[in-house]
Amino acid sequence: MAVRTNRGPGAAAENRAALLAAAREVFSEQGARAPLSAIARTAGVGQAVLYRHFPTREAIAMAVFDQNMEAVEELAARPDARLREVTDLITHQIEGSAAVIALFAVDEEAPAQRELTRRIRLALQPVLERAIAAGEVRRDATMDDLMLAVGLVTAVITTTPPGARHARAAASWRLLMDGLAPR
């Protein structure tokens with residue numbers, strides 16, 4: 001039996017990245033209550049490493065959401081980013097994180113939820129403004145309208161069996177974007 005050597009603090013960033021990738025996979029396959037040991041095993045690290053980085057289930061789930069949000073912020077910051085492109089990314093992330101969304105969706109006033117909402121609004125505002133200026137959405141469309149649309153798609157995805165999520169999300173966006181279309 002091969003003995004794994006402890007690579008020390010120099011492996012921390014690599015271990016954290018492996019744990020986040022494993023969390024996405026395990027939560028997607030086994031749900032939000034999947035054993036954390038499965039995440040450590042999938043990442044190829046011991047449970048102590050997992051708990052050093054993420055002391056709770058909520059901490060690792062929030063780190064996954066944070067990574068998702070960073071990708072949205074990066075895309076939305078591009079001056080050529082289109083609204084549909086950004087909502088497609090958000091939808092893809094919701095589909096992949098549907099199992100853990102329930103851990104946070106119960107309390108919109110929780111600090112972590114409020115911060116996530118603040119970041120989404122901040123990232124989407126310039127994208128919405130560009131979409132309005134380009135005539136892609138109604139001139140009277142607001143950030144609240146767009147956030148409602150994201151919330152509705154999230155609800156559809158999280159209440160739909162995994163195999164049907166993508167098709168239901170796409171159908172939902174078609175209806176919602178029709179409602180936001182210029183008249």
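These exercises walk through a predicted model of one protein chain.

In this predicted model, local features need a pLDDT of at least 70 and side-chain atom pairs count only at pLDDT 80 or more, while totals for chains, interfaces and linings use all residues. Residues are numbered from 1 along each chain as its sequence is written, and side-chain values use heavy atoms, with hydrogens and water left out.

**Exercise 1. Describe the overall build of the chain.**

Step 1. Count the elements. The chain has 8 helices and 0 strands. Here helices (H or I, at least four residues) and strands (E, at least two) are DSSP runs, numbered from the N terminus.

Step 2. Take the outline. The C-alpha atoms fill a box of roughly 70 × 35 × 30 Å along the principal axes.

Step 3. Look at the surface. The accessible area is about 10300 Å², and 57% of it belongs to carbon and sulfur atoms. This area comes from the Shrake-Rupley method with a 1.4 Å probe; for residues, only the protein chains shown count as cover.

Step 4. Look inside. Of the 183 residues, 41% count as buried. Buried means under 20% relative accessible area, exposed over 50%, and partly exposed in between (1.4 Å probe, protein chains only).

Step 5. Check the reach of the contacts. Among contacts between residues at least 6 apart in sequence, 63% join residues at least 24 apart. A contact means heavy atoms within 4.5 Å.

**Exercise 2. Decide where confidence is high and where it is low.**

Step 1. Start with the average. The chain has a mean pLDDT of 89, and 91% of the residues score at least 70. The score is the predictor's confidence in each residue, from 0 to 100.

Step 2. Go to the elements. H2 has the highest confidence, at 95, and H5 the lowest, at a mean of 90.

Step 3. Find the weak stretch. Residues 1–6 stay under 50. For them the model has 3 contacts beyond four places in sequence.

**Exercise 3. Map the largest nonpolar core.**

Step 1. Give its size. The core has 55 residues. Such a core is a set of buried Ala, Val, Leu, Ile, Met, Phe, Trp, Tyr and Cys residues joined through side-chain atoms within 4.5 Å.

Step 2. Name the hubs. Leu19, Ile39, Ile60, Val86, Leu124 and Val137 have the most contacts inside the core.

Step 3. Name the main contributor. H4 gives the largest share, 9 residues.

Step 4. Follow one hub. Beyond four places in sequence, Val86 is in contact with Val72, Leu75, Ala76, Ala81, Leu124 and Val127.

**Exercise 4. Test the lengths of H4, H1 and H7, and find their partners.**

Step 1. Set the rule. The expected span of a helix is 1.5 Å times one less than its number of residues.

Step 2. Take H4. Its 21 residues reach 30 Å from first C-alpha to last, close to the 30 Å expected. Its buried residues pack against H1, H2, H5 and H6.

Step 3. Take H1. Its 19 residues should span 27 Å, and the end C-alpha atoms are 26 Å apart, which agrees. Cover for its buried residues includes H2, H3, H4 and H5. Just after H1, Gly31 takes a positive phi of about 95°.

Step 4. Take H7. Its 16 residues should span 22 Å, and the ends lie 22 Å apart. H5, H6 and H8 are among what covers its buried residues.

**Exercise 5. Is Phe27 buried or exposed? How exposed is Gln67?**

Step 1. Place Phe27. This residue is found in helix H1. Phe27 counts as buried because its relative accessibility is 3%.

Step 2. List its contacts. Beyond four places in sequence, Phe27 touches Ala32, Ala34, Ile39, Arg57, Ile60, Ala99 and Val100.

Step 3. Place Gln67. This residue is found in helix H4. Its relative accessible area is 31%, so Gln67 is partly exposed.

Step 4. List its contacts. Beyond four places in sequence, Gln67 touches Leu20 and Arg24. The C-alpha atoms of Gln67 and Leu20 are 8.7 Å apart, though 47 residues separate them along the chain.

**Exercise 6. Place the UniProt features on the model.**

Step 1. Take the domain. In an unreviewed entry, UniProt lists "domain: HTH tetR-type" at residues 13–72. That span is 82% helix and 0% strand, with end C-alpha atoms 22 Å apart.

Step 2. Take the region. UniProt (unreviewed entry) places "DNA-binding region" at residues 35–54. Residues 35–54 are 75% helix and 0% strand, and their end C-alpha atoms are 14 Å apart.

Step 3. Note the source. UniProt positions are given in the numbering used here, feature names are shortened, and annotations may be inferred rather than shown by experiment.
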